[in-house]
Amino acid sequence: MVYSLSSFYIATRSSRLAIRQAESVRMSLLKFNPKLSIYLLPIKTQGDVLSDVDNWKSFDTKGLFVKQLEVAIGEGKALCAVHSLKDVPYVLPNNLSLAWIGHRSDPSDAFVSDDYNSLDDVPYGGKIGTSSIRRSVQLLRYRPDLNVIPIRGNILTRLSKIRDLSLDGVVLASAGLVRLGLVKYIKQRLPFSISIPAPGQGFLAIESKKEHENLDFWS
């Protein structure tokens, strides 16, 4: 696959949420110029493959969701990649840059439960699942009694863990639930006094080669 500036691929993770996000960017670019021919290039990243919690602990997780997408850009298979900004490392490869950062969606963390309407309703010693060390630390600061269970997987998989692992609830990003049309599952948007969101949470970003960062259709 070789791109041109009128016909190109957008690299994206292969999860349902990532494809939904990349498709929204593709449609925005087509509104800018309907003559563009733009396709999605779904890629299963190392972060997607490492669903086992113990294996996950063996890696530096920052960049696990973007590295293969960056390789696709470098090899000319894609003109750009769409990321959740919170997954992007602070230092990018020398030949790449962030060409565009969109408007921020809801940055909050969401509490989801089959039985409780808020984190405060969870009984003493309740089991809460999360994939994030940041969320784990803040949950335990607010409720040291909680039993925080590490879980991995895409959003639908993590929601299913509530029943599969008999959890009292899970905490994940509100923005992802909103973008997938799953806002009905949000029982509580956690205030920042309980859980400060990750830097970049709620933003989408386009990464491309530096030589392409000023293309008109990124603006």
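These exercises work through cores, a sheet, charged residues and one backbone angle.

The model is predicted, so local features need pLDDT of at least 70 and side-chain atom pairs count only at pLDDT 80 or more, while totals for chains, interfaces and linings use all residues. Residues are numbered from 1 along each chain as its sequence is written, and side-chain values use heavy atoms, with hydrogens and water left out.

**Exercise 1. The cores**

Task: Find which members of the largest nonpolar core touch the most other members, and which elements give two or more residues to this core.

Solution.
- Start with the term. A nonpolar core is a set of buried Ala, Val, Leu, Ile, Met, Phe, Trp, Tyr and Cys residues joined through side-chain atoms within 4.5 Å.
- Fix the burial cut-offs. Buried means under 20% relative accessible area, exposed over 50%, and partly exposed in between, with a 1.4 Å probe and protein chains only.
- Take the members. The largest core holds 15 residues, and Phe-8, Ile-10, Leu-29, Ile-38 and Phe-217 touch the most other members.
- Assign elements. Strand 1 (7-13), helix 1 (16-32) and strand 3 (80-84) each give two or more residues to this core. Helix 1 supplies the largest share, four residues.
- Helices (H or I, at least four residues) and strands (E, at least two) are DSSP runs, numbered from the N terminus.
- Look further. A second, separate core has 14 residues, including Ala-110, Ile-162, Leu-177 and Leu-182.

**Exercise 2. The sheet**

Task: Give the strand order of the open sheet and name the edge strands.

Solution.
- Set the rule. Two strands pair if DSSP finds at least two bridges between them.
- Read the order. Five strands run 2-1-3-10-4, with mixed pairing.
- Find the edges. Strand 2 (37-43) and strand 4 (96-101) each pair on one side only.
- Check one pair. Strand 3 and strand 10 (residues 204-209) are antiparallel over five bridges. Cys-80 has Ser-208 in strand 10 as its bridge partner.

**Exercise 3. The salt bridges**

Task: Count the salt bridges, then explain why the pair Arg-13 and Asp-87 ties together separate parts of the sequence.

Solution.
- Define the pair. A salt bridge is a side-chain nitrogen of Lys or Arg within 4 Å of a carboxyl oxygen of Asp or Glu.
- Count. The rule gives nine salt bridges.
- Take Arg-13 and Asp-87. Their side chains meet at 3.7 Å, N to O. Arg-13 lies in strand 1 and Asp-87 in the loop between strand 3 and strand 4, so the pair joins parts 74 residues apart in sequence.
- Test burial. Arg-13 is buried at 19% relative accessibility, and Asp-87 is buried at 13%.
- Compare Glu-75 and Lys-77, a salt bridge at 3.3 Å, N to O. Glu-75 is exposed at 51%, whereas Lys-77 is partly exposed at 37%.
- Extend the view. Shared partners join Arg-13, Lys-86 and Asp-87 into one network.
- Add Arg-143 and Asp-145. Their closest N and O atoms are 2.8 Å apart, and both residues are buried.

**Exercise 4. Glu-70**

Task: Decide whether Glu-70 is buried or exposed, and list the residues it touches.

Solution.
- Locate Glu-70 in helix 4 (residues 67-74).
- Glu-70 is buried, yet has no salt bridge. Lys-67, the nearest side chain of opposite charge, is 7.1 Å away. Lys and Arg count as positive, Asp and Glu as negative; His and the chain ends are not counted.
- List contacts (heavy atoms within 4.5 Å). Leaving out residues up to four places away in sequence, Glu-70 touches Leu-92, Pro-93, Leu-96 and Glu-207.

**Exercise 5. Ser-166**

Task: State the phi of Ser-166 and place the residue.

Solution.
- Phi of Ser-166 is near 55 degrees, a positive value in a residue other than glycine.
- Most residues other than glycine have a negative phi.
- Ser-166 sits in the loop between helix 6 (155-164) and strand 8 (169-173). Ser-166 is exposed, at 52%.
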